[in-house]
Amino acid sequence: MTQSKALRPYLLAAPQTLVFLFGLVLPIAVILIVSFWNFNGIATTPGFTLRHYIGIFTSPAYLSTYINTLKFAFLVWLVCVLISYPVAYYLAFRIKSTKWQTILFLICTVPFLTSNIIRMISWIPFLGREGLINKALMGLQIVDRPVEMFLFSDFAVILAMVHLYCLFMIAPIFNSMMKIDRALISAAEDLGASAFNIQKRIILPLSAPGIAIGTIFVVTLVMGEFATMRLMSGGKSSSVGYLIKNQIDSLQYPAAAANAIVLLTLTLLIVFAILRVVDIRKQL
Amino acid sequence: MSKINRRTFIQGGLATGAALAAARCSSPQAQAPSGTPNNPAQGPTINTNQIKDVTLRLIGTGAAQINDIRVKAEEDLGFKIQMRALSTAENVQIAVTQPKQYDIYDGEYFSLPLVVPSGNLQPIEVSRIQEFDAITPIFTTGELYSGARVNTSQGTAPRKVMYVTGQDSTEFAPEPTNWATMIPFQYNADTLGYRPDLVGRKIESWAELFNPEFRGKTSLLDIPSIGIMDAAMVLEAQGLMTFEDKGNMTPEELNQVTKLLIEQKRAGQFRAFWKSFDESVNFMTSGEVVLQSMWSPAVTAVKARGFECIYAPLKEGYRGWGGGLGLSKNLSGIALDAAYDYLNWMLDGWVGGFLSRQGYYSAAPEKARNFMQPEEWDFWYEGKPAAIDMIDPFGKKIESAGAVRDGGSFTERMGNVVCWNSFMQQQEYLVYKWTEFIVA
């Protein structure tokens, strides 16, 4: 009787552990092993070589792919924060009725009812040389020829990614802000704090865990991106995800595996850095 | 008209069925290779019943994984066929790494230097392919007609990877042997496509792709091994580089091509790069791009949307590609017999006619001719003006009466293939250099 009771927590944890083991730990272990294997241009053979890792760190092309990926992660994150913070603030503090908060928050999620790819592709007819925006600008005689940088450019990539991932930032910030004790703000107001000071000294610090969680979502999503990058840049820009895909397509599994490990490590380092700065456990 | 078509098909189908049945009954079963479980010969009835239980699993790229073909084959041959449409890259991946997942590999010839060494394909016994002699010499001997540019074409030309040295060999044979790697069924000559209404003049050279006149309005394929070949055609046409073999560049050549490509990219020559067929169609119809490397069905698709599009015959020649069917090493016994039946059926002409109406060429053109109307044959193969409207296999009109096929006849187009889609010895370095180009 006591024995079965002692076993119970293990049994309860077992399904989760097994999924975790076979769905996450094992595949990553395999990727790690393959990243040391040999590749002769045609076939992959077991062995141990650091060639693929050395290649990543010594090649200007690979390094600039990593820098490009980080650049996009940063820019998308920045724009997401700049958009999400005011939106979340408005929802949490300016809308007084809970009903309307819920309704407006649901409206934020409407674009997410369609698939990623469709949301992304729908930008293309909008932004193109013969697209709606250019037609409108030309019609209003603001420009005399189509603006080309709207599509197949860094701008297009960032626009699409922000559109795809902004909600992942809005939701946790909104959640943090809802937990802020309103009495704190009333007290600050009574003591004569300016609106800016209230933001700076109360709302921003208390919603930091939400921003951190949103950051983790957005950064990890953008770091692994390849479809948006390819379609919206028209293949003119590359990310590590896209590099990995190209290597898999040409059967270079060890090199792709090495890149996957480096990318994973880099992303985890960013996540750990965020966790060191902000204690997100307060949110859980 | 489609009525006549269908009738012809049915008649042809019946004839094929009858011919196959006759061949089955009359051919001594002892012909089956040793180790076949059905040896000694069994009665044809039992045999037919057994073949009914066979299901052949095909993998291939979208081009020929068409339901109509599957339905027709099942009807004519009496066994089941499963088709899986994959991207070019996935197709090769599965062929090399997952041999148990397929019975028949429908792939391009340039993938063979990757697939054959894996030992996952069993060589095809040429003497079991009844219509092997009807296959165009582009594949079998490499000599289309005397003096044709295709005879000395560069890259992974099908003639270089058509045969292996023996039944258990994975080594390519330079001369015809009785052991083929794949039996071809479709191929074409690729070139640049353009919108004449937006370009405003005739495009006659690959060099035009890098002409500053079209700055910001051109596109290239973002598939390293094919994109680099098109780039090489352009650079050679511009007189900037010459290659011993565009399909097998040296590292120095790759460095130089990449350097020149990056210069073009930085100067803003390219609007975008395309990876899938429909992307290239959208670029062209939206007017984002006016001149780009294209595949022939993409040109057809652009036209079908009501835009003019020319698949330019260029003076430097075409880049060719060819697809065929290989047999998995897992096949044996009755399933292997069924697979050979399928290969023979593919050459018999119905499929040839079907694919020809989409603008591809049949591996056995004369057999396909039996399943085409004379006007269709004249348009697609002879380069003559269409006497009637051209209808694709799905019933859609793709050319009006009076139109002439861009590039002309089969001999003019295929005869001027100067290089083929290729697998390079420097493939790994090529992918690396291509990455450099894309991130630049």
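1. Helices (H or I, at least four residues) and strands (E, at least two) are DSSP runs, numbered from the N terminus. On that basis Gln141(A) lies in the loop between helix H7 (132–139) and helix H8 (154–178) of chain A. The model under review is predicted, so that local features need pLDDT of at least 70 and side-chain atom pairs count only at pLDDT 80 or more, while totals for chains, interfaces and linings use all residues. Residues are numbered from 1 along each chain as its sequence is written, and chains are lettered from A and ligands numbered from 1 in the order in which they are written.

2. Gln141(A) is not a glycine, yet its phi is positive, at about 60 degrees. Most residues other than glycine have a negative phi. A residue is termed buried if 20 or more other C-beta atoms, placed from the backbone, lie within 10 Å of its own, exposed if 12 or fewer, and partly exposed in between. Gln141(A) counts as exposed because it has 7 C-beta neighbours inside 10 Å.

3. Leu251(A) likewise deserves inspection. Its phi is near 65 degrees, a positive value in a residue other than glycine. Leu251(A) occupies the loop between helix H12 (240–249) and helix H13 (253–277) of chain A. Leu251(A) is buried, because 22 other C-beta atoms lie within 10 Å. The C-alpha atoms of Leu251(A) and Met120(A), which are 131 residues apart along the chain, are separated by 28 Å.

4. Which residues is Leu251(A) in contact with, leaving aside its neighbours within four places in sequence? They are Val92(B), Gln93(B), Val96(B) and Leu114(B), where contact requires C-beta atoms, placed from the backbone, to lie within 7 Å.

5. The contact between the chains takes 25 residues from chain A and 27 residues from chain B. On the side of chain B that touches chain A, at least two residues each come from helix H4 (88–97), strand S12 (270–274) and helix H18 (427–439). H18(B) gives the most to that side, with eight residues. By class, the side of chain B that touches chain A has 14 nonpolar, seven polar and six charged residues; Ala, Val, Leu, Ile, Met, Phe, Trp, Tyr, Cys and Pro count as nonpolar, Asp, Glu, Lys and Arg as charged, and the others, Gly among them, as polar.

6. The two helices that flank Leu251(A) also pack on each other: H12(A) and H13(A) do so at an angle of about 160 degrees, with their axes 8 Å apart. Axes are lines fitted to C-alpha atoms, for helices over the stretch in contact, and angles run from 0 to 180 degrees between N-to-C directions. H12(A) and H13(A) are therefore roughly antiparallel to each other (angles under 35 degrees count as roughly parallel, over 145 as roughly antiparallel, 65 to 115 as roughly perpendicular and the rest as oblique). Their crossing is left-handed, that is, the near helix is turned anticlockwise from the far one by less than a right angle, whereas clockwise would make it right-handed. Val240(A), Leu243(A), Ile244(A), Gln247(A) and Ile248(A) of H12(A) contribute to the contact, and Tyr253(A), Ala255(A), Ala256(A), Asn259(A), Ala260(A) and Leu263(A) do so from H13(A). Nine of these residues are nonpolar, two are polar and none is charged.

7. H13(A) also packs with helix H10 (residues 195–223) of chain A, at an angle of about 170 degrees and with the axes 10 Å apart. H10(A) is therefore roughly antiparallel to H13(A). Leu263(A), Thr267(A), Ile270(A), Val271(A) and Ile274(A) of H13(A) meet Ala212(A), Thr215(A), Ile216(A), Val219(A), Thr220(A) and Met223(A) of H10(A). The contact has eight nonpolar, three polar and no charged residues.

8. H10(A) has a further partner in helix H3 (residues 60–94) of chain A, at an angle of about 145 degrees and with the axes 9 Å apart. The crossing of H3(A) and H10(A) is right-handed. Among the residues that meet are Phe72(A), Val76(A) and Trp77(A) in H3(A) and Val218(A), Val219(A) and Val222(A) in H10(A). In total, 11 residues of this contact are nonpolar, four are polar and none is charged.

9. Chain B has 18 helices and 19 strands. Of its 440 residues, 49% are buried. Among contacts in chain B between residues at least 6 apart in sequence, 71% join residues at least 24 apart.

Definitions and conventions
Contact = placed C-beta atoms within 7 Å.
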